[in-house]
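Biologist: I should like a close look at one part of this model, namely a single residue of the interior and its surroundings. Please then connect that part with the rest of the chain.

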Amino acid sequence: MAYGGIISVPRLHITGALLLTVLQHAVALELGQSCVNPSGESGSCILFRECQPLVDIFKKPFNTPDDTEFLQASRCGDLQGKPLVCCAGVVVEERTTLPEPPNCGTQLSDRIYGGQPTKIDEFPWTALIEYEKPNGRYGFHCGGSLINRAHIVTAAHCINAIPRGWKVHRVRLGEWDLSTSSDCEDDFCSTSPIDLNIAEIIVHSGYNVQDKSHVNDIALIRFTRHVEYTELVRPICLPLADTVRNKNYVGVSSYAAGWGKTEVASASEKKLKVELNIVALDSCSSVYKRNGINLQPSQLCAGGVRGSDTCSGDSGGPLMKQYAGAWYLLGIVSFGPQKCGTAGVPGVYTNVREYTDWIRSNIK
């Protein structure tokens, strides 16, 4: 691989033995694992395109032999033919913490096209919740979002407001097309999706099934084991930083994604997406107040355009926005008009930035 540019760190002479040792060690590293770069600095093994210092070197017009050697020695593996590098200063996510960019909110291709169908590698944090029903039947009827190696976040109503006799059974990650066991698109075929057993479910203590407003409609599901990140299983970022939390998103375009499944109905076999504008809570509240529903600041609204609604996503699934190169979870699909896609009636979502402290205090 040819690199250009003058490295911005002190010149480092890399001996042939050191280079061979680094490259041999790199074979064993996977995405997100800790590493040490050729200058002895700790970092994480991440996609080359996500390591800005090395990208900056690559893009510069001139390089010395030592620069080229340094970049080559920074290689720590490959992911589906895409180079991984040891990026200094990037801290590996602790297994029970919430990741921050660049350890979250990235997909291997940022291709968002018009229309409803997703590409196989879009939104790799989308999850499906499987339910055990009476008579030994099973089905996927809610969604969620992977937020770290051990948890998804979903809606409380997907846990506490399900039909009688149903039981939350498992969580599925890495799914795209439910009609096939191995998904393929173009020249890429995925491995089988991952089904995870559940260790614990935490529903927000302030959620009341009888409350028509569905305030505090949020829950966490913890797996019995940690997942390894792949091209189709990656976490979304939460709005933890003030720059993201305090941003005004009214009028901004966002996306919801899922399989169109709700707690009582099924729709698409293939993951779908829908583009929605975020609506001011005041105007949205006035619409719902006519039906005795009082929305709170802990909720947000999006949509309200005829034919576009989160019937194209899951209950419990994500409402998300890309910001500064990373995707952030802004909302959790909560409820909406009985007839999806009704003009002038936006869907209602749990406002995730109001619950980041609750999430942080309840993950293990």
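Modeller: Two residues are in contact when heavy atoms of theirs lie within 4.5 Å. The model is predicted, and the place to begin is L173. Which residues does L173 touch, once its neighbours within four places in sequence are left aside? They are T126, A127, L146, I152, P193, I194, L196, F223, V227 and V233.

These partners can be placed by looking at the strands. Residue L173 closes strand β8, which covers residues 167-173. Strand β8 pairs in the antiparallel sense with strand β5 (residues 126-132), over five bridges. In this pair Y131 faces V168 of β8. Two of the contacts of L173, T126 and A127, fall within the range of β5. Strand β8 is also joined to strand β11 (residues 194-203), by four bridges and again in the antiparallel sense. Here V171 stands opposite L196, and L196 is itself one of the residues that L173 touches. In general, strands of a sheet pair through backbone hydrogen bonds, either parallel or antiparallel.

The next step is to see where L173 stands in the interior. The largest nonpolar core contains 52 residues, and L173 is among those with the most contacts inside it, together with L146, I152 and I359. Strand β12 (residues 219-223) supplies the largest share of this core, four residues. The core also draws on two domains, with at least three residues from each of domain 1 (33-88) and domain 2 (126-361). Another core, of 17 residues, lies apart from this one; C237, A256, A302 and L319 are among its members. As a general tendency in soluble globular proteins, nonpolar side chains are buried together.

From here one may turn to the barrel. Six strands close into it in the order β13-β14-β15-β18-β17-β16, with antiparallel pairing. From one strand to the next, the twist averages 45°. Within the barrel, strand β17 (residues 326-335) pairs with strand β18 (residues 347-351) in the antiparallel sense, over four bridges. V333 has Y349 of β18 opposite it. Helix α6 (residues 281-289) packs on the sheet and touches β14 (272-279), β15 (299-302), β17 and β18. The direction of this helix makes about 85° with that of β15.

Some loops deserve a separate look. A280 sits in the loop between β14 and α6. A280 counts as partly exposed because its relative accessible area is 28%, between the limits of 20% and 50%. Although A280 and Y249 are 31 residues apart in sequence, their C-alpha atoms are 8.7 Å apart in space.

Two residues have a positive phi although they are not glycines: H214, at about 55°, and A324, at about 50°. H214 belongs to the loop between β11 and β12, and A324 to the loop between β16 (318-323) and β17. Is each of them buried or exposed? H214 has a relative accessible area of 18%, which is under 20%, and therefore counts as buried. A324 has a relative accessible area of 75%, which is over 50%, and therefore counts as exposed. In the loop between β4 (82-88) and β5 lies P102, and the peptide bond from P101 to P102 is cis, with omega near 5°.

Finally, the chain as a whole. It has seven helices and 18 strands, and buried residues make up 54% of its 364 residues. Among contacts between residues at least 6 apart in sequence, 72% join residues at least 24 apart.

Confidence varies along the chain. The average pLDDT is 81, and 79% of the residues score at least 70. The highest confidence is in strand β7 (residues 151-154), at a mean of 98, and the lowest in helix α1 (residues 16-26), at 39. Over residues 1-27 the pLDDT is below 50, yet this stretch has 53 contacts in the model beyond near neighbours in sequence. Residues 110-115 also have a pLDDT below 50, with 18 such contacts. Where pLDDT is low, the predicted coordinates should not be read in detail. I152, a contact of L173, falls within the range of β7.

Note on methods:
Residues are numbered from 1 along each chain as its sequence is written. This is a predicted model: local features need pLDDT of at least 70, side-chain atom pairs count only at pLDDT 80 or more; totals for chains, interfaces and linings use all residues. Side-chain values use heavy atoms; hydrogens and water are left out. Two strands pair if DSSP finds at least two bridges between them. Axes are lines fitted to C-alpha atoms, for helices over the stretch in contact, and angles run from 0 to 180 degrees between N-to-C directions. A nonpolar core is a set of buried Ala, Val, Leu, Ile, Met, Phe, Trp, Tyr and Cys residues joined through side-chain atoms within 4.5 Å. Buried means under 20% relative accessible area, exposed over 50%, partly exposed in between (1.4 Å probe, protein chains only). Domain bounds come from an automatic or database domain assignment. pLDDT is the predictor's confidence in each residue, from 0 to 100.
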